[in-house]
Amino acid sequence: MDLLRAQLSYTLREADFPGLGSLYRGKVRDNFSSGDRIVMVTTDRLSAFDRVLTTVPFKGEVLNRLTVFWFEKTKEIVPNHILDVPDPSVLVVRKLRPLSLEMVVRGYLTGSLWRDYQAGRGAKPYGIELPASMRKDEKFPDAILTPSTKEEAGKHDEPISPRELIARGSVTQKQWDELARYALALFAAGQEWARKRGLILVDTKYEFGVDVQGKIWVIDEIHTPDSSRYWIAEGSEDRFRRGEDQRMLDKEFIRQWLINERGYKGDGPPPQIPDDVRAQLASRYVELVEKLTGEQARLQVGDTRSRIESALRAKGYLK
């Protein structure tokens, strides 16, 4: 925790490297496009309820390391867009046309879907009828797909059914079938690996892009604590039977803190996040990456932006 607190003053909120190309700023990543490639800088920004709230020490580096780990592990299942990793916080990727949806896969009734279920909406926006009388954190017999629209930073993604996605022209039926197959296969592989590491991959989201030939690639990030929910496997079934909260290693920690401590669910000005909470969330991210990879995170306190600039110059991406 001392190391994490020491990094608070060095967190990277924005990457300003105009020499890399034209900038598109997402919720977490700053993407510089030039020619047929994009340099993606994973910042330390923290978003929740589709709002950028603060920064978290080492968050970008940890997310990026885990993304590289998972893309390497799943490259035989779905092709991914990585070309180079010049810095722990940076990916160089092939330029693709992003599909305007997020493929959300859920193995358990929890999080936002549980809140919708309590409110009587269930999974109807996705064209799915859930059984009556399900309990919080209950496991589905099979993983379900609950896609959402992909909106710009500051706007809320919206739940949507596959039928509506196809009707809108967001994807074709053929593309949807392929996306569904890819998403479920990635999720199954992620769950299997997580189980070996003493974790449960509860749910996640995937983003995809297409090249000029129409080939589908998985893009952005996969199976990170930003895009996924993880629980500690040991004692999970007992906690469910007793109606207790699961032990989490993901961003749900900050969502629950915002709801329970500040009464914030995404509407109105976001509250300030105390430094101790930022460091606590960082510790969960670090613990997760170490559990999943089996390696120490190898973090060093210092100016993240300067380190990234030096790495990009050394590899010739910056002149």
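**Strand β12 and its partners**

Modeller: In this predicted model, R97 has V210 of β12 as its bridge partner.

Colleague: What makes β8 and β12 a pair of strands?

Modeller: Two strands pair if DSSP finds at least two bridges between them. Strand β8 (residues 97–98) and β12 are joined over two bridges, in the antiparallel sense; the criterion is therefore met.

Colleague: How do you know that β9 and β12 pair?

Modeller: Strand β9 (residues 101–109) shares four bridges with β12, where at least two are required, so the two strands pair. Their sense is antiparallel. M103 has Y206 as its bridge partner in β12.

Colleague: Why is β14 called a partner of β12?

Modeller: Five bridges join β12 to strand β14 (residues 228–232), against a requirement of at least two, so they count as paired. The two run antiparallel, and I200 is matched with W231 in β14.

Colleague: What lies between β12 and β13 in their hairpin?

Modeller: Five residues lie between them, and G214 in the turn has a positive phi of about 90°. β12 and strand β13 (residues 216–219) pair over four bridges in the antiparallel sense. The bridge partner of V210 in β13 is I216; V210 is also the bridge partner of R97.

Colleague: Why is β12 described as largely enclosed by the rest of the structure?

Modeller: A residue is buried under 20% relative accessible area. Twelve of the twelve residues of strand β12 (residues 199–210) are buried, so the strand is largely enclosed by the rest of the structure.

How values were computed. Residues numbered from 1 in each chain as written. Predicted model: local features only at pLDDT ≥ 70, side-chain atom pairs only at ≥ 80, totals over all residues. Heavy atoms only, no water. Buried < 20%, exposed > 50% of the residue type's maximum accessible area, 1.4 Å probe, protein only.
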